[in-house]
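Visitor: I am new to this one and would love a tour. Could you show it to me and take my questions as we go?

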Amino acid sequence: MAAPPKVPAWVELRLTVPVAAQDAVTAFLAARGADGIQEEHPGLDDLGDDGPIVTGDPRLWAGDAPENPSEEVTLSAWLPAGDGPEAEAEALRGWLAGLEGDHPGVSAVEIAARTVEEQDWNAPWKALWRPTPVGRNLLICPSWLEPEPGEPRRVLRLDPGMAFGTGTHFTTASCLELLEDLLEAGPRGARVLDVGTGTGILAVASLLLGAGHATGIDLDPAAVAEARANAACNGVADRFEATGAPLDEGARGFDLVLANLVAETLVDLAPLLAGALAPGGTLLTSGVLHARAGRVEAALGAAGLTQARERRDDAWVTAAWTRA
Ligand SMILES: C[S@@+](CC[C@H](N)C(=O)[O-])C[C@H]1O[C@@H](n2cnc3c(N)ncnc32)[C@H](O)[C@@H]1O
């Protein structure tokens, strides 16, 4: 069994600044090479693991972001290890001195700096993630594990990296189940468009289940790279194409269009998603909270589609749509 890949060491900087200085400090940290910057707003409730946020901009999942009740924000940034934590903290403090005029006292804020040891951030859940059967025919298998000898299901090997889509979330699993039915019933060699491909799981699954060609689109360049790597890992790279270009009117003639996005994005993209379908084609939508399903139905209805099938759990709705 191959060990999951490691990531290099980082310097973590953590400081609390006035909200009014946040943009300037964030820009400085980004210019120092911060790979990620986390904001914490004192006084806001922590959603913990129970929030409905799955990916992307939280405002798209949970309505408008609540207003920060505090005038301060705590920022944590992760920078390449470079010259070490003291040097990075020193550079930040020196730069903060230049903000004193606008934000008196800002150069005296406490800066916590430390090296974050080399580790695989995803290791805890990766260690728990086991090969998972989905639908009637698929087994989603972490790429660093081997399925049992003689495994009868089609094995889809996956390393999600930082992208969304392992098949453990209802929105993905329900798409896979409907996809399986649609590919079985539809013509072999179907052309598939996967909008918001993430790890590429839906596109790769469709190719393993008999589709002829799949195109994956994702606005996140990391997802585009992960999707390509996962297609290669499953031996279907020659039938898969991934792009970071947004969906546009040029997308036409697809037998299946897959869109596990969020309700607001589905509403915005409704005419393009409907326009991408070949005559007799099917659109699968997912990532829609119950409360927002009506808006999606109205938008897709206006684009000429009617709902043919639906799967629900206690939060999400996944649906198949065909031309009315
Ligand atoms: C919920 S994930 C779905 C991933 C995978 N298709 C699955 O079913 O598990 C949504 C993906 O859509 C991408 N995305 C969000 N808005 C998009 C848009 N307008 N066009 C293309 N991709 C988008 C996100 O970056 C994210 O990777």
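Visitor: Let's begin with the sheet of 7 strands: in what order do the strands lie?
Guide: Please keep in mind that this is a predicted model. The 7 strands make an open sheet with mixed pairing. Read across the sheet, the order is 10-9-8-11-12-14-13.

Visitor: Which strands are the edge strands of that sheet?
Guide: An edge strand here pairs on one side only. That fits two strands, one covering 240–243 and the other 305–312. They are strand 10 and strand 13.

Visitor: By how many degrees are neighbouring strands of this sheet turned against each other on average?
Guide: For this value the direction of the strands is ignored. Averaged over neighbouring strands of the sheet, the turn is 15 degrees.

Visitor: Which helix packs on this sheet?
Guide: Look for a helix touching strand 12 (277–289), strand 13 and strand 14 (316–323). Its direction makes about 155 degrees with that of strand 13. The helix spans residues 293–302 and is helix 9.

Visitor: What is the bridge partner of threonine 215 in strand 10?
Guide: Strand 9, residues 213–217, pairs with strand 10 in the parallel sense over 4 bridges. Threonine 215 has its bridge partner in strand 10, and that partner is glutamate 241.

Visitor: Which helix gives the most to the largest nonpolar core?
Guide: That core has 65 residues, and Leu179, Val195, Val257 and Leu258 touch the most other members. The helix that gives the most spans residues 170–185 and adds 7 residues to the core. That is helix 5.

Visitor: How many residues does the other core have?
Guide: This other core lies apart from the largest nonpolar core. Among its members are Trp10, Val11, Leu15 and Leu79. The count is 14 residues.

Visitor: Which residues come nearest to the ligand?
Guide: There are 25 residues around the ligand. By class, this shell has 13 nonpolar, 10 polar and 2 charged residues. Helix 5 and helix 6 (201–208) each supply at least two residues of the shell. The nearest are Gly165, Thr172, Gly196, Gly198 and Asn260.

Visitor: There is also a sheet of 4 strands; is its pairing parallel or antiparallel?
Guide: This open sheet has the order 2-3-1-4. Its edge strands are strand 2 (36–40) and strand 4 (111–116). One pair within it is strand 1 (residues 10–18) with strand 3 (residues 72–80), joined over 9 bridges. The pairing of the sheet is antiparallel.

Visitor: At about how many degrees to strand 4 does helix 3 run?
Guide: Helix 3 covers residues 85–97. It lies across strand 1, strand 3 and strand 4. Its angle to strand 4 is about 150 degrees.

Visitor: Why is serine 76 not counted as buried?
Guide: Serine 76 is found in strand 3, and it touches Glu12, Arg14 and Gln38 beyond its sequence neighbours up to four places away. A residue is buried if 20 or more other C-beta atoms lie within 10 Å of its own, and exposed if 12 or fewer do. Serine 76 has 16 within 10 Å, so its class is partly exposed.

Visitor: How far apart in space are serine 76 and threonine 26?
Guide: In sequence, serine 76 and threonine 26 are 50 residues apart. In space, C-alpha to C-alpha, the distance is 9.6 Å.

How values were computed: Residues are numbered from 1 along each chain as its sequence is written. This is a predicted model: local features need pLDDT of at least 70, side-chain atom pairs count only at pLDDT 80 or more; totals for chains, interfaces and linings use all residues. Two strands pair if DSSP finds at least two bridges between them. Axes are lines fitted to C-alpha atoms, for helices over the stretch in contact, and angles run from 0 to 180 degrees between N-to-C directions. Two residues are in contact if their C-beta atoms, placed from the backbone, lie within 7 Å. A nonpolar core is a set of buried Ala, Val, Leu, Ile, Met, Phe, Trp, Tyr and Cys residues joined through C-beta atoms within 7 Å. A residue is near a molecule or strand if its C-beta atom, placed from the backbone, lies within 6 Å of it. Ala, Val, Leu, Ile, Met, Phe, Trp, Tyr, Cys and Pro count as nonpolar, Asp, Glu, Lys and Arg as charged, and the others, Gly among them, as polar.
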